[in-house]
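Reader: I would like to know how the labels used for this model follow from the values behind them. Please take them one at a time.

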Amino acid sequence: MSLNERIEFRIADTFTDSLARLTGDEQKAVKTTAFDLQLNPANPGMQFHKLNKSKDKNFWSVRVSADIRLIVHKTADSLLLCYVGHHDKAYDWAERRKLETHPKTGAAQWVEIRETVQEVLIPRYVEDVENVKPIAATMPLLAHVSDEELLGYGVPAECLADVRNATEDTLLSVADHLPGEAAEALLELATGGKPRAPQPTAVASNPFDHPDAQRRFRVMGNVEELERALEFPWDRWTVFLHPEQRQWVEREYSGPARVSGSPGTGKTIVALHRAVFLARRHPEARVLLTTFSDTLANALRTRLRRLVSNAPQLAERINVDAIGAVGERLYKAHSGTANLATREVVLELLEEASGKADPHKFSRHFLFTEWEQIVDAWQLDSWEAYRDLARLGRKTRLPEQQRAVLWSIFERVRAGLAARSLITYPGLFGRLAAAMAETRNPPYDFAVVDEAQDFGIAHLRFLAALGGGQENARPDALFFAGDLGQRIFQQPFSWRVQGVDIRGRSRTLRVNYRTSHQIRMQADRLLGPEVSDVDGNTDQRRDTVSVFNGAAPVIRTLDSQEEEIATVGTWLSEHSKAGIAPHEFGVFVRSSGEFDRARAAVEKAGIAFKIFDERGETTGGHLSISTMHLAKGLEFRAVAVMACDDEIIPLQERIEAVGDDADLKEVYDTERHLLYVACTRARDHLLVTSAAPASEFLDDLRQSG
């Protein structure tokens with residue numbers, strides 16, 4: 001008899017969360033017990049104990065070791081792994097909860113016992129007593145919302161009074177103790193939004209089949225599936241896809257589509273699931289899952305393996321690679337191995353060409369920037385094209401005579417590259433785009449792009465051609481995930497002009513699962529309430545909600561580097577003693593020149609560390625030190641962002657090289673985005689430090705509301 005014929009075996013996200021908090025040896029013992037339970041729930045060797053004090057009479061404990069207990073919810077035809085922890089903590093968890101089917105939505109959900117909810121209505125999120133301002137008595141935020149409407153959002157009946165009485169001070173604490181869908185609706189209502197009420201299920205339906213239930217409960221069909229779910233408990237959202245995300249994963253699009261959202265809203269998870277969904281839906285299709293760097297591609301590859309480890313044939317049809325590697329491989333198949341020009345060769349050609357024109361007229365940095373961001377990026381091949389190119393945001397315009405001198409320099413560089421049979425990456429993708437436009441058999445049927453905000457002009461032209469072009473765009477061919485607020489490598493440009501028009505097919509993810517309310521709110525001060533692209537598509541950030549509370553971020557300016565090192569070292573040591581594992585720490589600096597400060601702080605804390613490199617994988621048992629540029633795609637429970645000094649961020653070298661007001665704004669924007677990216681790698685704890693004088697950006701971080 002198969003497992004599914006005997007009993008439905010499920011795990012809850014509360015189980016994977018609690019498993020992650022145990023030591024490595026404890027986790028191994030728990031997994032062994034979980035596998036035994038799945039294979040034979042009636043095994044007489046299993047020590048089940050009825051929990052008589054629990055309000056839910058289906059709760060049992062299972063002995064894992066002398067002190068570790070696994071809490072299960074057991075009925076005649078189902079077994080649910082709910083929680084695991086040390087004896088008293090596990091029993092306390094079970095006594096505070098019950099599993100119910102919501103009377104209005106029909107979804108299975110955890111309900112916290114009401115009297116225990118009342119115990120925790122102290123506003124935990126105000127921790128920095130020195131900065132607390134007197135707050136006038138606040139009125140209930142949701143007194144105007146009817147019980148019927150709140151029930152429609154999934155609020156348990158027992159919690160209606162607490163929800164309707166919630167004030168600005170107690171709102172987050174109330175939300176912390178509600179089922180996910182109810183907490184999200186509550187926070188959206190409180191910020192002036194109008195949540196979408198979940199669709200009620202039929203009375204006879206299985207409450208675990210409801211989309212809201214599927215975010216927290218997952219059927220495990222076999223041992224391999226359970227093993228995969230338990231192997232990476234921190235990455236639970238590669239297993240549990242939120243219904244808010246699922247609708248964009250499974251939708252049909254008539255043309256290119258994009259999901260956006262602030263860090264932690266699950267854009268990468270949506271991209272992963274979209275690639276898998278397309279491969280499953282089209283059994284013969286070839287799917288490209290790509291991003292802008294090798295580091296991020298490695299991280300995507302690892303996550304994809306976790307997601308489809310039980311379907312190797314599916315994984316074979318999903319190609320995961322950085323866009324540069326994709327271009328080189330396709331170019332080799334079409335035209336032979338590409339002889340790519342290095343930065344050093346381009347600089348050499350620029351210096352040689354400028355010496356023949358006017359060696360004192362333009363700086364080396366200006367020439368390289370103009371070549372890289374204008375001439376090469378746009379693949380300009382004539383004086384007229386260079387002369388007439390519109391410069392986004394330019395307040396000043398180079399006189400035509402200077403433009404003519406510049407073009408004479410760039411013409412010599414182009415001729416020098418051709419004489420050496422060299423090609424740049426934009427040139428490579430330009431040729432590929434032309435080839436894709438002519439073929440009836442593209443190398444990929446679908447392309448899913450992560451971190452799309454840092455893709456360049458030539459990349460977009462290539463992807464547009466891959467998807468059939470603007471006039472003949474194939475349905476579902478192109479899907480993008482990104483955040484305009486995290487753009488740190490590319491100047492803004494029009495996607496629509498390059499053949500990728502996402503207007504009407506752009507959606508913003510609003511629910512932040514990874515970053516606490518306190519960290520998200522503070523980091524958002526670095527950006528405005530909305531960020532727009534050149535085509536007028538806007539990412540709204542004001543209605544983003546975090547689903548959990550945390551400690552207030554700490555921002556410190558110290559008198560010296562030595563004092564900063566001591567402060568960070570103490571902070572790391574204290575959190576390490578509180579139970580945060582080495583691999584759950586990240587320390588970020590603006591560039592490698594500040595690595596010595598980071599090393600000194602970590603060494604003072606006595607924590608083993610590794611410098612995070614381009615391969616993009618953290619090392620077990622080691623804290624990660626990294627530059628802010630490599631922070632993309634990473635997440636840690638605790639993050640220290642160091643050396644945020646004046647002239648380090650924004651980097652003085654970049655400011656001094658600017659020759660135009662618009663370029664200066666772009667430097668400030670990307671430097672601000674860099675700090676934003678680093679801060680939003682933190683889940684629970686964030687420390688931002690500098691040695692005086694501090695970066696002006698820290699004033700923005702400190703500002704109130």
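Reader: At what angle do helix H13 and helix H14 pack, and how far apart are their axes?

Author: In this predicted model, H13 (residues 267-281) and H14 (residues 294-308) pack at an angle of about 55°, and their axes are 11 Å apart.

Reader: Why are H13 and H14 called oblique to each other?

Author: Angles under 35 degrees count as roughly parallel, 65 to 115 as roughly perpendicular and over 145 as roughly antiparallel, with the rest oblique. The angle here is about 55°, which falls outside those ranges, so H13 and H14 are oblique. The crossing of H13 past H14 is right-handed.

Reader: Which residues make the contact, and how do they divide into nonpolar, polar and charged?

Author: H13 contributes Thr268, Ile269, Leu272, His273 and Val276, while H14 contributes Leu300, Arg303, Leu304, Leu307 and Val308. They divide into seven nonpolar, two polar and one charged. Arg counts as charged, so Arg303 is the charged one.

Reader: What makes aspartate 501 buried or exposed?

Author: Buried means under 20% relative accessible area. Aspartate 501 has 17% relative accessibility, and therefore counts as buried. It is found in the loop between strand E13 (478-482) and strand E14 (506-508).

Reader: What does aspartate 501 touch, and with which side chain does it make a polar contact?

Author: Leaving aside residues up to four places away in sequence, aspartate 501 touches Pro256, Gln470 and Arg496. Its side chain makes a polar contact with the side chain of arginine 503 at 2.8 Å. The cut-off for such a pair of N or O atoms is within 3.5 Å, so 2.8 Å meets the distance condition.

Reader: Is glutamate 181 buried or exposed, and how do you know?

Author: Glutamate 181 has 6% relative accessibility; buried means under 20%, so glutamate 181 counts as buried. Its place is in helix H9 (residues 180-190).

Reader: What surrounds glutamate 181?

Author: Not counting residues up to four places away in sequence, glutamate 181 touches Gln109, Tyr153, Gly154, Asp212, Arg215 and Arg216. The side chains of glutamate 181 and arginine 216 are joined by a polar contact of 2.6 Å. The C-alpha atoms of glutamate 181 and alanine 213 are separated by 9.3 Å, with the two residues 32 apart along the chain.

Reader: What is noted about the peptide bonds at proline 650 and proline 693?

Author: The bond joining isoleucine 649 and proline 650 is cis, with omega about 0°. The bond from alanine 692 to proline 693 is also cis, with omega near 0°. Proline 650 is found in the loop between strand E23 (636-641) and helix H26 (652-656), and proline 693 in the loop between strand E24 (682-691) and helix H28 (697-702).

Reader: What is the phi of aspartate 476, and what makes this residue buried or exposed?

Author: Aspartate 476 has a positive phi of about 65° although it is not a glycine. Its relative accessibility is 9%, under the 20% limit, so aspartate 476 counts as buried. This residue sits in the loop between helix H22 (457-466) and E13.

Reader: What is the phi of alanine 643, and where does this residue lie?

Author: Alanine 643, not a glycine either, has a positive phi of about 60°. It lies in the loop between E23 and H26. Its relative accessible area is 1%; the limit is under 20%, so alanine 643 is buried.

Key:
Residues numbered from 1 in each chain as written. Predicted model: local features only at pLDDT ≥ 70, side-chain atom pairs only at ≥ 80, totals over all residues. Heavy atoms only, no water. Axes fitted to C-alpha atoms, helices over the stretch in contact; angles between N-to-C directions. Helix = DSSP H or I, 4+ residues; strand = E, 2+ residues; numbered from the N terminus. Left-handed = near helix turned anticlockwise from the far one by under 90°. Contact = heavy atoms within 4.5 Å. Buried < 20%, exposed > 50% of the residue type's maximum accessible area, 1.4 Å probe, protein only. Polar contact = N/O pair within 3.5 Å; in protein donor to acceptor, adjacent residues only side chain to side chain.
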